[in-house]
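Grab the model and let's work through a few exercises together. Each one has a task, then a solution in steps.

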Amino acid sequence: MLQIVPELEAGGAERTTVDIAAGLAAVGARALVATEGGRLVGELQAKGGVWIPFPARTKNPLAMALNVRRLIRICLNDGVEILHARSRAPAWVALAAARALKIPLVTTYHGSYAGRSAVKVMYNSVMARGDVVIANSIYTADLIRAAHPVANGRIRVVYRGTDLAQYSASAVPPDRVEALRKSWGVPPHERIVLLAGRLTGWKGQTVLIDAARKLLDRGLRDVAFVLAGDHQGRDGYVRELDQQIEKLGLKGVVRRVGHCVDMPAAFLAASVVTVPSTEPEAFGRVAVEAQAMGTCVVVSDLGAVPETVLSPPQVPGSERTGWHVPPGNADALAEAIGEALDLGATALQGMAVRARRHVERNFSLESMVNETLDIYSALIERKPLETADTFAPQHP
């Protein structure tokens, strides 16, 4: 089994590559990964995966043609039975190799691909040409079906998996939470409303800042609004955020804290985690991980994130695991945050239990690995797959 991905830096596609390689190694399979390298190579190797240095990032047509020959040679030498591509340029290479070798190809959509011109649509279409096309959400599956109807019948929704051992309240000692709060400058008596995401306009930081002002105007006190994430060179946007905070009189209330390396502790430290995106997310990892920690979540009713959070009218109020709000609506966001902060201890505990159970049933790392390995097995054994375009998460 060989996965091909441009590089193994931090990211959803890269993390999933390592997780699937670990799952393959755990059942005694050889887990090859052809990639240029990156910070996750060491973890891949530690978990039983085999790194094959490969110039998978290139988009040069001549280099890609040479890569087809290289990949065929690797597959023949290592007895590869399935290729799995997770990005467009290497997917074209993998498609040519798979067809030449007459072995199955799996592709995974980790997000949407922009493209209005005929050339770009053609380039993107390779991700819909796998014998099985894995979508990381129902939302993504709908995008694939709309853009590439030819993929109908070959789409399989496999949700991104969360490591429930790592994202567990019992796995995070109090000193980690205390250290994080201190590094953020949040005193013990203040509750935290967290937005964890890179600093870019569509992540909704400006909407949360507006909501913070509205909540303070309604009398809310002793709450810190924390923006955790890298600016990744977006200096202009950072200045815009700082100016908005200053203009609304929120200095010391809204805090930019930079990148956070201990996300389990961050979610446990927070009373509410927000995902106020103004453009669609392809999955919604933050909302899932926060629910796994038992933390209240408020998310935009946009893209795939609502699939991961149960909220009326989708479910009865007694089954709620969070709140859905219209994207870009600071009033609705403030209202939902206020409701979450007003919950009593019994209601909070009930929601935490439901949220954890919801993640365990639908978004566990074990489920993702097992479903993917089942796809591989069926392809190797030439069994028909129960592919579908819609899979709904189970309710608590």
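Axes here are lines fitted to C-alpha atoms, for helices over the stretch in contact, with angles running from 0 to 180 degrees between N-to-C directions. Helices (H or I, at least four residues) and strands (E, at least two) are DSSP runs, numbered from the N terminus. This is a predicted model: local features need pLDDT of at least 70, side-chain atom pairs count only at pLDDT 80 or more, and totals for chains, interfaces and linings use all residues. Residues are numbered from 1 along each chain as its sequence is written, and side-chain values use heavy atoms, leaving out hydrogens and water.

**Exercise 1.** Work out how helices H8 and H9 are placed.

- Step 1: the axes of H8 (residues 205–217) and H9 (residues 235–247) come within 10 Å and cross at roughly 5 degrees.
- Step 2: angles under 35 degrees count as roughly parallel, so H8 and H9 are roughly parallel to each other.
- Step 3: contact means heavy atoms within 4.5 Å; H8 brings Gln205, Thr206, Ile209 and Asp210, while H9 brings Tyr237, Glu240, Leu241, Gln244 and Ile245.

**Exercise 2.** Lay out the sheet, using the rule that two strands pair if DSSP finds at least two bridges between them.

- Step 1: seven strands make an open sheet, ordered S3-S2-S1-S4-S5-S6-S7, with parallel pairing.
- Step 2: S3 (49–53) and S7 (155–157) are the edges, each pairing on one side only.
- Step 3: S1 (residues 2–4) and S2 (residues 31–35) are joined by three bridges, and leucine 2 sits opposite leucine 32 in S2.
- Step 4: helix H3 (residues 61–78) lies across S1, S2, S3 and S4 (83–85), at about 160 degrees to S1.

Technical notes: Parallel < 35°, antiparallel > 145°, perpendicular 65-115°, else oblique.
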